[in-house]
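Thanks, everyone, for making the time this morning. I would like to walk through one structure, element by element, and I will put it on the screen now.

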Amino acid sequence: MRKSTRTVVGLVGALALLTAACGSDDDDSGSSETESTEATEGTEATESTEADGGDAAASGEGSIWVLLPDTATSDRWEKDDRRFFIENFEAAGLVDGTDFNVVNAEGDPAVQISQAEQAIGDGAAVIVLTSNDSGSGATIIDLAKDEGVEVIEYDRFNTEGSSGGAAYVSFDNVAVGATMASVLEPAIDALGVDVPRVVMQNGGEEDNNAFLFRDGYAATVEPRVEAGEWELVEDVFTPGWDNAEALSIAEQILVAAENDVNGWFAANDGIAGSVIAAIESAGLDPATIPVSGQDATQAGIQNVLLGKQAMSVYKPIKDEVAVASQIALALRAGEDVASQSGDFTIIGIDADGKPTDSPDGVVPYIALTPIAVTADNVLESVIADGFRPIEELCTGDVAETDFCVEYGSTS
């Protein structure tokens, strides 16, 4: 059983943004404009006069390192998480490249372990970790803790053999899947098909979140199937959340099903984009097959506006980063997480990566609430929050949609 090094019994982070929020992981199928040079920026060693990580944390010094996983599975890591971490730390008076570093492993677990070792050697007080997989994530946590460096598990939980970080900051990932089902279930029923045939195309099995997302929508799908009201065509995981794999899987499903599919639970916008491409290649209209998604990526929301994707799950990443930054700064200052205050409750997560009602004896889990985004609330959600500006969405074919004609478009 995983045990945390501390038990959090208080509230974390005085962050007013959280009260406004109602939220694998994710790619926008080629829409990412991330520059590779930015992804690797900060990976070179920086000189430090700090002592080892443990001494640095105790003295309120030392650097904070944010280890992001990749740029392939989702454009969020570079376009959103990176910039929000930089904004938060600079607002706190930290200097990029000296007091903090944000690096990206580009999907390579060995590179991420090396980055963690570099952080420890740099005198890091805190590592904020989004791992590529549970095994390498557990290795990083244990390496850091052995050197007295605090670890915040960010967005993804590491379940394989680790003693656990100081806290886990993410969204309520079961609720993410349930949010998908809350939109797709009525959309599928509205098709008027006698027994709709549905697919559950999950994320990568190496990511605990993929199972939690599945738990969320399976709680709707499985009872409908057991009652004979729906038929389950396929329940499949997508290795590495890879979009090329997702496309191949979707194409194979359609061929085997002779194109007879009425609803598709896709675990993120990247997988959804691949599913939509497969549907169109098969000569079908994606508007007639409700498809879910997640991450509110540029391409995902554009597909929603085009009517090709029924919804995406918006996880206010700015709020998630704000919580993680607050905790990282507190740990760097030598403060106990429990001394922080806020308006949200901390739950726990058990050794199997499942949420629990109590934080006692497991890694404290700060679970933010996700939001369903459809064509009806794009303006009030991702645009109102400044997460997806209209000028980013209303391009190309999307500029001709009723939404963009009414609210503004660019050529």
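Let me begin with helix α10, residues 269-281, whose 13 residues should span 18 Å at 1.5 Å a residue, and whose end C-alpha atoms are indeed 18 Å apart, so the two values agree. The expected span here is 1.5 Å times one less than the number of residues in the helix, and helices (H or I, at least four residues) and strands (E, at least two) are DSSP runs numbered from the N terminus.

Before going further, a word on the source: this is a predicted model, in which local features need pLDDT of at least 70 and side-chain atom pairs count only at pLDDT 80 or more, while totals for chains, interfaces and linings use all residues. Residues are numbered from 1 along each chain as its sequence is written, and side-chain values use heavy atoms, with hydrogens and water left out.

Back to α10, then. Because 10 of its 13 residues are buried, α10 is largely enclosed by the rest of the structure; buried means under 20% relative accessible area, exposed means over 50%, and partly exposed is in between, with a 1.4 Å probe and protein chains only. Among the buried residues are D269, G270, I271 and A272 near the beginning of the list, and also A278 and I279. The buried residues of α10 pack against β6, α9 (243-256), β8, α11 (298-306) and β9 (312-314), where contact means heavy atoms within 4.5 Å. At the start of the helix, a side-chain oxygen of N268 comes to within 3.1 Å of the backbone nitrogen of G270, and after the helix comes G283, which has a positive phi, near 80 degrees.

The loop between α10 and α11 holds Q294. Is Q294 buried or exposed? Its relative accessible area is 0%, and Q294 is therefore buried. The side chain of Q294 reaches the backbone oxygen of A267 at 2.7 Å, and a polar contact, also given as 2.7 Å, joins the side chains of Q294 and K315. By polar contact I mean a pair of N or O atoms within 3.5 Å, where within protein one must be able to donate a hydrogen and the other to accept it, and where residues adjacent in sequence count only if both atoms are side-chain atoms.

The second helix I would like to show is α8, residues 208-226, which has 19 residues and reaches 26 Å from its first C-alpha to its last, close to the 27 Å expected at 1.5 Å a residue. There is nevertheless a kink of about 45 degrees, centred on A218; the bend at a residue is the angle between axes fitted to the seven residues ending there and the seven starting there. A218 itself is one of the buried residues of α8, as are Y217 and T220. What covers the buried residues of α8 includes β5 (167-171), α7 (173-189) and β7 (231-237). The N-terminal end of α8 is capped by D207, with a side-chain oxygen lying 3.0 Å from the backbone nitrogen of N209, and the helix is followed by G228, with a positive phi near 80 degrees.

That brings us to strand β5, which is mostly covered, with five of its five residues buried. A167, V169 and F171 point one way from the strand, whereas Y168 and S170 point the other way. On the pairing of β5, strand β4 (residues 150-154) runs parallel to it over three bridges, and E153 stands opposite Y168. Four bridges join β5 to strand β12 (residues 363-368), again in parallel, and there A367 is the bridge partner of S170.

How are the eight strands of the open sheet ordered? The order is β2-β1-β3-β4-β5-β12-β10-β11, and the pairing is mixed; two strands pair if DSSP finds at least two bridges between them. At the edges stand β2 (100-104) and β11, each with a single partner strand, so one side of each is left without a neighbour in the sheet.

Finally, the chain as a whole has 15 helices and 13 strands, and of its 411 residues 56% count as buried.
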